[in-house]
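Me: Happy to go through this one with you. Could you show me the structure, and then we can ask what lies behind each label?

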Amino acid sequence: MSGSVTALYAGAGVAASALGKDYDRWVKAAAEQGRTDNPLSLPYDVAVREAVAAAAFVKKYWEPDGDRPGLKRVRNRLPASSSDDLLSIVHAVQEAQTRLLLIVDPAVADVGERARFVVDELESALEFLLDDDVDEPADAQLARIKEFHAQDGQRSSALSQALRDYAGLAASLEERLVEADEEFDVRLIAEARKLAEDLQRRALETIPDGDTSAAAAAIRNQLLRLMVERVGAIRKTAAHVFRRHPEIVREATSAYERRRRAAARREKARKAAEGKVVGNRPGAAPPPPPAASATSAGAQPS
């Protein structure tokens, strides 16, 4: 096993042999679903994190506590093993993802973890700086970058572009970033650009075997679908059991989807506000008068 794969496993806090056992355990069950398309509507990393959180949710709320019910009451629908099973499926997904990346995009297996860390650090620093209730062009630029990369997967092409985009905005705001947070590491900007170049160069050098990569992608997607279905079952069960405890139900829902909906609402409000400003400008054409109804034109109602 390559050093890069071992590093990925170590970063996840899981032994490579354990992931391999989980992969063998679930790959046949996942294949029985038949479908091989990617089921995710959110980034891979986010889906994995939310699956781990769902597994932890089951353990946290399994037993009742005072007036608060527990998931244990529906154990015939959601077994006590649900938490451990979901974590095992997550490990199988990670193994399948790594096997796929080593075929189609080995550069990501080598430097992808560091690239995602750099992207996250730059994004967090920019969000902190610009979250100041002051509307400026950089706010819109960051929003566009986040929206563009919201569905990025783990491929080197997407990571490379994200690194370039965040590095470009961070470079233009470098002095302000340091002023807002004295611990901000400006070297991340240069590292982001270097990682982007490395990923792009190595992607051009990689020519994966089509049949092998297609088979690996199908297995990964089937395991992802199994993971998504288990997470969905936990969320539906939580909505029922804790229907009188909305704050607990919220813990089980997708934080990513909540943020995405909130961002969509803000963008809609911003566009509506801009439309009002344009409509109120001097010299703006007045809105057309409403069309006269047949009755107001003198016709007799039928």
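Reply: Here it is, and note that this is a predicted model. Let's start with histidine 245, which is found in the loop between α10 and α11.

Me: Why does histidine 245 count as buried?

Reply: Its relative accessibility is 19%, and buried means under 20%, so histidine 245 counts as buried.

Me: Which residues is histidine 245 in contact with, leaving aside its neighbours within four places in sequence?

Reply: Those are Asp67, Arg68 and Pro69. Contact here means heavy atoms within 4.5 Å.

Me: On to the rings. How many aromatic pairs are there?

Reply: The count comes to 3 aromatic pairs. One of them joins phenylalanine 57 and tyrosine 61, with 4.9 Å centre to centre and 50° between the planes.

Me: What makes the pair of phenylalanine 57 and tyrosine 61 tilted?

Reply: Stacked needs planes under 30 degrees apart and edge-to-face needs over 60. The 50° of this pair fits neither, so the pair is tilted.

Me: And why is the pair of phenylalanine 57 and phenylalanine 242 called edge-to-face?

Reply: The ring centres are 6.0 Å apart, and pairing asks for within 6.5 Å. The planes stand at 90°, and the cut-off is over 60, so the pair is edge-to-face.

Me: Where do phenylalanine 57 and phenylalanine 242 lie in the chain?

Reply: Phenylalanine 57 is in helix α3 and phenylalanine 242 is in the loop between α10 and α11, 185 residues apart. Both residues are buried, and ring pairs link Phe57, Tyr61 and Phe242 into a cluster.

Methods: Residues are numbered from 1 along each chain as its sequence is written. This is a predicted model: local features need pLDDT of at least 70, side-chain atom pairs count only at pLDDT 80 or more; totals for chains, interfaces and linings use all residues. Side-chain values use heavy atoms; hydrogens and water are left out. Helices (H or I, at least four residues) and strands (E, at least two) are DSSP runs, numbered from the N terminus. Buried means under 20% relative accessible area, exposed over 50%, partly exposed in between (1.4 Å probe, protein chains only).
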